[in-house]
Amino acid sequence: MTEVIMGTPRFRGRVRRPQVLVIGGGLAGMAAALAARQAGATVAVVSEGAGVLELASGCIDRLAVPEGSLPPEHPYRLIGMAAVDEELAAFQKAMEAAGYPLAADGPGAGGSHVITALGSRRRTHLVAPGMAAPPPGEPLWVVGFRGLRDFHPAVVAAGLRRSDPAADVAWGEVELPGAPEDVHPVALARQLEDEAYRRQVIERVAAVRPQGRGGAALLPAVLGLSGAAAVRRALAEGLGMRVVEVLLPPPSVPGLRLADALRRAVQQAGVDLAIGARAVEARREGGRVRHVVTRGPGGRITYEAEAYVLATGGLMGNGLTAEGRSVREPLFDLPVSAPDGEWADPRFLPAEGHPFVRVGVAVDGRLRPPGYTNLFVCGRALAGYDPYAEGSGGGVAVATGGAAGREAARLVAGGEPR
């Protein structure tokens, strides 16, 4: 991948000196960069890739289990639930400014749920635009596109009826222009941003709408990328119904929308963003990181920052590497906390999760690993939590990313002797 410097670079040359360097460009890294910049630090982000948001829903979960059930080493416990909610609120504000308004959770609010491709209502915290589930009792019409894998309107309708036997749910399916046999979600999202193609699709959907049908139309979450709001608006006007997108398995179009909004947000904030730059070397003196070296097609670049945020992900994102039962953090060689006993439960989806999912770097209350004063760790690299069993993945990424970014900026501003 070619190294791409997005925006107007503030740091040039073979040696660059931002006050805060964020290593990793996923959800946690971007949240850290935004928080550090908002706190007044100059910030650069280096990332080997664009993160794994194409695997995410585009929504931000907070927690689906009781807070009291979390272990002491859980990231939420380390930073405190008040800080978690402050960081989530700050992130929501930043995303709204970037044109991606996330609807906040609220007691009894329909906006606290999304509908999945199995027709279930799943609780979340910050809901992606256009995905807030209609309230129970509202008539629903599920519409599918032939050839689109992983979305079957009859399955969605049946799932909705199982959860609410009295629900008024109908479904239909249309053939897309050109009658493709295999439809890729991202390709269809791009096509729907073409006005002429979109008009044909709307005409076909409107033609199968049951007469007199009101309520909400549920369509797969493929309704555009950067122009998603316009696509949803055109469909709603053409059908005379509210349009709601249904969450699909990856690749996630809403996840790609969130990634695009994050890039806009950090650029608007004045963060240097280098995509395609892999961090390959770090130098430490005493308890301080002195520099990090990246390598890309343009050669080696040395970053000499005052504070560093590690947001390279866990085992899935290659932020941690494993050989047999040995797991290590490859850039700083940080100690990794791993289970002593069995790593996996023989059950496929145990309610308490698999022990290996909690593997990660142990940190203190300021998210610093042992022995470091100017290095902060956030997101999936952290030990002590299971984003799947807890329903906390996006929340931990945003909250610890924001907290790590602010801690880094505080250190730069003299919040602790250096």
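Two strands pair if DSSP finds at least two bridges between them. Keep that in mind for the first close-ups of this predicted model.

**View 1. Strand 15 and strand 16 make a hairpin.** Just two residues sit between strand 15 and strand 16 in this hairpin. The two strands run antiparallel to each other, paired over five bridges. Want to check the register? Look for Gly 296, whose bridge partner in strand 16 is Gly 299. Then find Arg 295, which stands opposite Arg 300 in strand 16. How much of strand 15 is buried? Seven of its nine residues are, so to speak, under cover, which leaves strand 15 (residues 288–296) mostly covered.

**View 2. Strand 14 and strand 15 make a hairpin too.** Strand 14 covers residues 278–285, and it pairs with strand 15 in the antiparallel sense over seven bridges. Here Arg 278 faces Arg 295 of strand 15. This hairpin has two residues between its strands, and Gly 286 takes a positive phi near 65 degrees.

**View 3. Zoom out a little and you get an open sheet of four strands.** Read the strands in the order 2-16-15-14; the pairing is mixed. Which strands stand at the edges? They are strand 2 (15–16) and strand 14, and because each has a single partner strand, one side of each is left without a neighbour in the sheet.

**View 4. Glu 245 and Arg 257 form a salt bridge.** Their closest N and O atoms are 2.9 Å apart. Glu 245 belongs to strand 12 (residues 242–246) and Arg 257 to helix 8 (residues 253–269), so this contact ties together parts that are twelve residues apart in sequence. Both Glu 245 and Arg 257 are buried. The model has 22 salt bridges in total.

**View 5. Arg 366 reaches Glu 407 in another salt bridge.** The N to O distance is 2.7 Å. Where do the two partners sit? Arg 366 is in the loop between strand 21 (360–361) and strand 22 (375–377), while Glu 407 is in helix 10 (residues 393–412), so to find both you look at distant parts of the chain, 41 residues apart. Arg 366 is buried, and Glu 407 is as well. Elsewhere, salt bridges with shared partners join Arg 62, Glu 67 and Asp 85 into one network.

**View 6. Arg 368 and Asp 364 meet in a salt bridge of 3.2 Å, N to O.** Is each partner buried or partly exposed? The cut-off for buried is under 20% relative accessible area. Arg 368 has 15% relative accessibility, so Arg 368 counts as buried. Asp 364, with a relative accessible area of 28%, is partly exposed.

**View 7. Phe 332 and Tyr 372 form an aromatic pair.** The count of aromatic pairs here comes to one. Phe 332 and Tyr 372 meet edge-to-face, with 6.2 Å from centre to centre and 80 degrees between the planes. The pair links distant parts of the chain, 40 residues apart: Phe 332 is in the loop between strand 19 (326–328) and strand 20 (336–337), and Tyr 372 is in the loop between strand 21 and strand 22. Phe 332 is buried at a relative accessible area of 9%, and Tyr 372 is buried at 8%.

**View 8. Two arginines lie over tyrosine rings.** Arg 284 lies over the face of Tyr 372, 4.1 Å from the ring centre. Arg 380 lies over the face of Tyr 385, at 5.0 Å from the ring centre.

Note on methods
Residues numbered from 1 in each chain as written. Predicted model: local features only at pLDDT ≥ 70, side-chain atom pairs only at ≥ 80, totals over all residues. Heavy atoms only, no water. Buried < 20%, exposed > 50% of the residue type's maximum accessible area, 1.4 Å probe, protein only. Salt bridge = Lys/Arg side-chain N within 4 Å of Asp/Glu carboxyl O. Phe/Tyr/Trp six-rings, centres within 6.5 Å; stacked < 30°, edge-to-face > 60°. Lys NZ or Arg CZ within 6 Å of the ring centre and 35° of its normal.
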